[in-house]
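Reader: I have a protein chain in front of me and would like to go through it slowly, with each answer reasoned out before it is given. Could we begin once the sequence and structure are on the page?

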Amino acid sequence: MESHRQALQNFEELDQTEDEEGVTTFFQGKRAAGEPLLKFVQKIIIKEKMAFIGTASFIVNEDIQVAKEAQEIARSLKNL
């Protein structure tokens with residue numbers, strides 16, 4: 001998470017939840033001042049002795065279906 005905090009302008013952590021699958025974090029920021037604000041969803045899953053991290057992003061005011069698909073991409077790690 002620290003690398004995202006350093007790389008993104010206007011970084012803001014929005015939410016973090018933990019469940020039996022792992023940790024899901026939502027955050028937002030811009031890659032550069034002139035670019036749109038992006039929202040990110042990151043899922044971290046630990047299986048045996050390995051960690052898997054999936055991150056997806058979308059423009060904040062994007063269609064709700066795009067946001068749902070981004071979340072599903074990050075959560076798809078549970079199927080590994």
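Reader: Of the 80 residues of the protein chain, what percentage count as buried?

Author: Please keep in mind throughout that this is a predicted model. A residue counts as buried when its relative accessible area is under 20%. For the 80 residues of the protein chain, the share that meets this description is 28%.

Reader: In what order do the elements of the protein chain run from the N terminus on?

Author: The protein chain has two helices and four strands. Read from the N terminus on, the four strands stand between the two helices, and the order is α-β-β-β-β-α.

Reader: What radius of gyration does the protein chain have, set against that of a compact globule with 80 residues?

Author: The C-alpha atoms fill a box of roughly 40 × 30 × 15 Å when it is taken along the principal axes. A compact globule with 80 residues would have a radius of gyration near 12 Å, and the value for the protein chain agrees with this, being 13 Å.

Reader: How much of the exposed area of the protein chain do carbon and sulfur atoms supply?

Author: The area to consider is what the protein chain exposes, which is about 5400 Å². Of that area, the part supplied by carbon and sulfur atoms is 49%.

Reader: How far apart are the mean positions of the positive and negative charges of the protein chain?

Author: The protein chain carries 10 positive and 14 negative charges, where Lys and Arg count as positive and Asp and Glu as negative. When the mean position of each set is taken, the distance between the two is 2 Å.

Reader: Turning to single residues, is Phe-27 buried or exposed?

Author: Phe-27 has its place in strand E2. Leaving aside neighbours within four places in sequence, Phe-27 is in contact with a list of residues that includes Met-1, His-4, Leu-8, Phe-11, Leu-14, Leu-38 and Phe-40. Because its relative accessible area is 0%, Phe-27 is buried.

Reader: How far apart in space are Phe-27 and Glu-48, C-alpha to C-alpha?

Author: Glu-48 is found in the loop between strand E3 (38-47) and strand E4 (50-59), and with a relative accessible area of 81% Glu-48 is exposed. In sequence, Phe-27 and Glu-48 are 21 residues apart, while in space the separation, C-alpha to C-alpha, is 27 Å.

Reader: Which residue is 16 residues from Gln-28 in sequence and 5.4 Å from it in space, C-alpha to C-alpha?

Author: Gln-28 is also found in strand E2, and its relative accessible area of 15% makes it buried. Among the residues that Gln-28 touches, not counting those up to four places away in sequence, are Asn-10, Phe-11, Glu-12, Leu-37 and Val-60. The one that lies 16 residues away in sequence and 5.4 Å away in space, C-alpha to C-alpha, is Glu-12.

Reader: Which side chain does a polar contact of 3.0 Å join to that of Thr-24?

Author: Thr-24 sits in strand E2, which spans residues 22-30, and at 2% relative accessibility it counts as buried. Not counting residues up to four places away in sequence, Thr-24 touches Asp-15, Gln-16, Thr-17, Val-41, Gln-42, Lys-43 and Arg-75. Within that list, the residue whose side chain is joined to that of Thr-24 by the 3.0 Å polar contact is Lys-43.

Reader: And which side chain is joined to that of Thr-25 by a polar contact of 2.9 Å?

Author: Thr-25 likewise has its place in strand E2, and with a relative accessible area of 1% it is buried. Thr-25 touches residues including Met-1, Glu-13, Asp-15, Gln-16 and Phe-40, not counting those up to four places away in sequence. The side chain joined to that of Thr-25 by the 2.9 Å polar contact belongs to Gln-16.

Reader: What is the phi of Asn-10, which is not a glycine?

Author: Asn-10 is found in strand E1 (residues 9-19), where it is exposed, with a relative accessible area of 55%. Although Asn-10 is not a glycine, its phi is positive, at about 55°.

Reader: How far is Ala-33 from Gln-9 in space, C-alpha to C-alpha?

Author: Ala-33 lies in the loop between E2 and E3, and at 56% relative accessibility it counts as exposed. Ala-33 and Gln-9 are 24 residues apart in sequence, and their distance in space, C-alpha to C-alpha, is 7.1 Å.

Methods: Residues numbered from 1 in each chain as written. Predicted model: local features only at pLDDT ≥ 70, side-chain atom pairs only at ≥ 80, totals over all residues. Heavy atoms only, no water. Rg over C-alpha atoms; globule rule 2.2 N^0.38 Å. Buried < 20%, exposed > 50% of the residue type's maximum accessible area, 1.4 Å probe, protein only. Areas by Shrake-Rupley, 256 points an atom, 1.4 Å probe, with all protein chains shown as cover. Charge placed at Lys NZ, Arg CZ, Asp CG, Glu CD. Polar contact = N/O pair within 3.5 Å; in protein donor to acceptor, adjacent residues only side chain to side chain. Contact = heavy atoms within 4.5 Å.
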